[in-house]
Amino acid sequence: MQVAVPLTNQRPTPSDGASSGQYSAVMFDFGGVLTTSLLAGFQAFGDKYGNRDLPLKILGTKGSASAKLLGAHEEGRISAAEFEQGYHEELAEHGLQVPDRGTIEEIQSYLHPDRETIDLVAEIRQAGIPTGLLSNSFGDNTYAGFELESMFDAVTISGVIGARKPSRVAYLTACQKLEVAPEQTVMIDDLQHNLDAAARLGMGAIRHTDAASTRAQLSDLLSNYSV
């Protein structure tokens, strides 16, 4: 479940020049798509301990120790506890003290299922459209309460495959598991750089802000779905 500092020029630009009705499969992200905003969760965590922006800023700083640890955790190379330990150390270096354990769980406690988007997943799948999930790992209980295997035709988790978005390996593996080509598939994500990487493989791209907007954009991009 990748996190990044939102850029000021990020905006929903779904089709990036794609032709109407060009695609026939859909790949969903998890955090910030099937749930409320992960970025807002980090901000709420920062608010609680006295610095709203620092927890997210450190992770979004290229080359920072915490950013490297997050990448290693998302790829399954280190545990959640190992990530938290290093993250806490860097936060402390910047003057922010947080509890020794439970940071990921606390951040996730601010997230809630987005019922309208979850309903959209079911709607798309019931229409006979191949529907997959591609998510970057974050913690040990990220997907608690979600029956992912029954919600999707294929589920791809970065920590399981050893590759995370925006690596091309992550998208190609997810498409392979869904048995579709990237050029057939629309990627739905809340982070623009993940969509940019998907688009370089020929995937359609929808920057998710809410279920209604995503549904309308899918209606334009999919060859076998309309609202």
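**Exercise 1.** Which residue in strand 4 does phenylalanine 28 stand opposite? Find this residue in the predicted model, and then work out how strand 1 is placed among its neighbours.

*Solution.* Begin with phenylalanine 28, which stands opposite isoleucine 188 in strand 4. Next, widen the view to the two strands as wholes: strand 1 and strand 4 run parallel and are joined by four bridges. Then turn to the other partner, strand 2 (residues 131-135), which pairs with strand 1 in the parallel sense over three bridges; here methionine 27 stands opposite glycine 132. Finally, look at the two faces of strand 1, where Ala25 and Met27 lie on one side and Val26 and Phe28 on the other, and all of these are buried, with both faces covered.

**Exercise 2.** Follow the chain from strand 4 to strand 5, and describe the unit that these strands make with helix 10.

*Solution.* Start at strand 4 (residues 185-189), which runs parallel to strand 5 and is joined to it by four bridges. As a point of reference within this pairing, methionine 187 stands opposite alanine 205 in strand 5. Now add helix 10 (residues 192-200): together with strand 4 and strand 5, this helix makes a right-handed β-α-β unit. To complete the description, examine strand 5 (residues 204-207), which is covered on both faces, since Gly204 and Ile206 on one side and Ala205 and Arg207 on the other are all buried under the 20% cut-off.

**Exercise 3.** Decide whether aspartate 29 and glutamate 179 are buried or exposed, and place each of them in the chain.

*Solution.* Aspartate 29 is found in the loop between strand 1 (25-28) and helix 1 (38-49). Because its relative accessibility is 4%, and buried means under 20%, aspartate 29 counts as buried. Its side chain is joined to that of lysine 165 by a polar contact of 2.7 Å. From lysine 165 the chain continues through a cis peptide bond to proline 166, with omega near 10°, and proline 166 lies in the loop between helix 8 (158-161) and helix 9 (168-178). Glutamate 179, in turn, has its place in the loop between helix 9 and strand 4. Its relative accessible area is 72%, and exposed means over 50%, so glutamate 179 is exposed. The backbone of glutamate 179 also deserves a look, for its phi is near 65°, a positive value in a residue other than glycine.

**Exercise 4.** What volume does the second largest pocket have, and how do its lining residues divide?

*Solution.* The volume of the second largest pocket is about 190 Å³. Its lining includes Asp114, Asp190, Arg207 and His208, and the lining residues divide into one nonpolar, six polar and three charged.

Notes. Residues numbered from 1 in each chain as written. Predicted model: local features only at pLDDT ≥ 70, side-chain atom pairs only at ≥ 80, totals over all residues. Heavy atoms only, no water. 1 Å grid on protein atoms, 1.4 Å probe; cavity = no way out; pocket = protein on both sides within 12 Å on 5 of 7 lines; lining within 4 Å. Points joined across faces, edges and corners; volume = space filled by probe spheres on them. Nonpolar A, V, L, I, M, F, W, Y, C, P; charged D, E, K, R; others polar. Buried < 20%, exposed > 50% of the residue type's maximum accessible area, 1.4 Å probe, protein only. Pairing = 2+ DSSP bridges. Right-handed = clockwise from strand over helix to strand, strands pointing away. Polar contact = N/O pair within 3.5 Å; in protein donor to acceptor, adjacent residues only side chain to side chain.
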